[in-house]
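Here is a short report for a first look. Keep the sequence and the 3D view open while you read.

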Amino acid sequence: MTKKQKILIVDDSEMNRAILAEMLDGKYEIIEVEDGTEALVALEKYGTELSLVLLDIVMPRMDGFGVLTVMNQRHWIDDIPVIMISAENASTLVEKAYDLGITDFISRPFDARVVHRRVLNTILLYSKQKKLIDLVAEQVYEKEKQSSLMVDILSHIVEFRNGESGMHVLHIRVLTEMILRHLVQMTDQYPLTQPEIALISMAAALHDIGKISIPDEIINKPGRLTPEEFAVMKTHSAIGADMLKQLPFHQDSPHIQMAHSICRWHHERYDGRGYPDGLKGDEIPIAAQVVALADVYDALTSERVYKKAIPHEEAVKMIVEGQCGAFNPVLLQCLTDIAGQIPEGMNNSYSEVGQGEVREITEELLRREELTASERTLQLLEHERMKYNFFAAMSEEIQFEYTALPSMVTMSAWGAEKLGVPETIMDPANNWTGDGALDEWSMQGLKEAVHGSTPENPIIQYDCKARYGQEMRWVRFICRSIWSADEPPQYMGVIGKTMDIHEQREKIEHLEHEVAHDALTGLTNHKYAKRWIQERLENRPDSRYALAVLDMDHFKSVNDTYGHMFGDEILMYSADKLKHSVRGNDIVARIGGDEFLIFLECKKSLEATMDRIYHSLLGTYKDFTVSFSMGIARTETVGLEYDKLFQAADHALYTVKRTGGGRYCFYDISMQEGQSTYSQIEEVKKPGRYR
């Protein structure tokens with residue numbers, strides 16, 4: 001059963017509380033208190049479990065305004081809606097109540113319908129707002145998690161070149177965050193917000209990105225570096241900063257600016273003896289100071305190619321005693337205070353991101369040994385450029401996940417769930433992995449649609465049928481092609497999704513069939529027959545076609561003698577005969593009344609074909625003899641224009657009708673409407689090719 005929503009009624013009158021509870025008709029869980037003091041106790045107890053507060057103004061001990069003041073001070077008013085209820089409806093009181101954050105105001109005496117509707121509307125409004133807040137929070141969290149993963153992977157690649165454990169950047173992030181959190185608790189000298197702490201911690205992972213420029217023989221040397229080698233090693237901080245400064249995008253981003261600051265100055269020392277700029281004291285940004293401290297600690301406690309790991313307690317002692325350079329005394333005090341928490345923090349803080357996930361992706365990137373370090377770097381940077389181009393092209397409402405390989409561009413599970421998308425397809429024209437089987441014709445059509453996209457028109461929509469077991473179902477591919485920022489743009493692939501549109505397509509096809517077909521006979525109506533015939537004439541002008549117009553003989557007497565219902569039966573009988581007398585690709589249509597047409601391609605003898613069709617239509621239906629008069633026109637005689645072809649066939653039909661009907665006749669250019677000579681009519685009557 002669905003849990004009832006809680007409503008708090010605050011009123012010193014028991015009668016008023018009972019009336020309100022009765023008006024809400026048992027649909028809610030009602031909590032009643034009789035003054036403002038008790039209301040605060042209830043608010044403290046239930047918090048956001050409350051869906052609404054109905055609050056009176058005038059009450060003993062603490063009035064409604066007092067309750068609203070406390071709710072504002074404790075920020076409860078942000079999450080719990082309040083409707084003020086009172087007989088005091090002076091404009092100054094109402095205005096004051098709204099200034100204090102109420103959602104609505106209801107005057108006594110109560111109208112049950114007004115109370116019920118306003119309560120329902122307020123609860124629904126806040127419920128939607130909560131869902132929206134949760135959705136945005138979840139979206140931001142997912143985006144930050146994926147961004148964090150990408151930064152970790154990038155930093156992790158740099159560490160792999162050092163021959164280290166690969167966990168250095170993760171340790172730096174964890175320890176940086178631990179120091180900063182304690183720092184803001186210990187002193188207000190560095191007033192950092194929680195978002196700023198998160199920003200510094202993420203940017204810290206890029207502190208050694210400049211090491212990708214250092215030769216392998218120096219960065220992986222197992223012994224002490226020579227002065228010349230150490231001079232080369234020291235250039236990595238300035239090179240890393242320059243790399244970030246020269247990025248062609250997002251220079252105004254706080255992430256890039258913070259990473260630049262940390263890259264350049266994390267080897268500066270508090271006494272001015274660091275590098276590259278010799279800054280001292282608080283000339284060094286606090287972010288770089290903290291990362292420098294975390295960097296030294298992890299260097300001491302980690303095993304490197306040139307040394308063994310030093311135990312945690314000894315490492316802390318060495319740093320505090322100044323054996324590893326000068327540091328800000330405030331930061332040394334922070335390190336001392338949190339020293340007991342550091343080992344556990346290193347082990348636990350990255351369980352959510354997943355060290356194994358970072359390692360697995362990074363190792364996959366570096367598995368191909370034939371690539372040099374510079375080639376791997378260029379490849380990674382190209383992947384990053386592709387990611388940003390891709391993000392820029394997509395709707396801001398859709399969150400996408402980008403992994404390190406181009407073939408793995410995909411929609412995140414979170415985004416797919418929010419959009420209700422059952423699956424995504426990478427490069428569907430060449431990598432169809434859906435459940436349904438596409439035939440060769442459908443696959444070719446999809447490829448043509450995908451390859452026909454351009455940077456200006458990247459959206460692709462293609463409908464076709466796919467086989468699911470024994471069933472053929474309509475599916476729709478909705479794709480977007482991805483293009484690089486080069487000039488000219490380079491095609492980089494396509495991402496898309498499928499939608500099952502079978503029921504929708506069948507409904508549309510049913511409506512289209514009804515519009516295009518005669519309701520009585522089921523044959524195509526004249527309007528749509530004309531359209532399809534003209535398309536065929538234009539698309540295949542080299543073929544030979546014929547159009548026949550038919551008129552049932554003596555049909556008026558059927559309606560006059562037997563009635564219209566019998567006349568309808570005759571028309572349906574004749575239509576069925578027509579459908580079975582032609583091939584599947586021929587067009588048969590009802591022009592109107594008792595008139596029909598046939599359009600066909602002439603591949604063999606037209607005379608023999610039309611003679612067969614004509615005689616197949618003759619017969620008897622319930623003692624009524626069915627016969628037709630038929631006029632036929634050929635495209636080689638008349639041309640490829642439908643109206644002229646139809647008019648010629650109609651002239652031939654008119655010639656037959658003037659002879660008494662019951663025959664067919666081919667159009668001759670000498671025939672004109674109403675001008676057939678006696679000799680022409682007599683010719684139609686003769687046996688032979690005019691029957």
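## One helix, two sides

K556, D560 and T561 are exposed (over 50% relative accessible area, 1.4 Å probe, protein chains only). They lie on one side of helix α22, residues 555-562. Helices here are DSSP runs of H or I, at least four residues, and strands are runs of E, at least two, numbered from the N terminus. The model is predicted: local features need pLDDT of at least 70, side-chain atom pairs need 80 or more, and totals for chains, interfaces and linings use all residues. Residues are numbered from 1 along each chain as its sequence is written, and side-chain values use heavy atoms, without hydrogens and water.

The buried residues of α22 are F555, V558 and N559; buried means under 20% relative accessible area. They cover an arc of only 90° around the axis, which puts them on the same side of α22. The arc is taken from the directions from the helix axis to the C-beta atoms.

## Around α22

What covers these buried residues? The cover includes β14 (545-552), α23 (564-581) and β18 (624-626). Just after α22, G563 takes a positive phi of about 100°.

## The cores

The largest nonpolar core has 47 residues. Such a core is a set of buried Ala, Val, Leu, Ile, Met, Phe, Trp, Tyr and Cys residues joined through side-chain atoms within 4.5 Å. Helix α12 gives the most to this core, with 10 residues.

Leaving aside neighbours within four places in sequence, L293 is in contact (heavy atoms within 4.5 Å) with I179, I319, F327, L331, L332 and L335. Apart from this core lies another, of 32 residues, among them Y573, V582, Y614 and M630.
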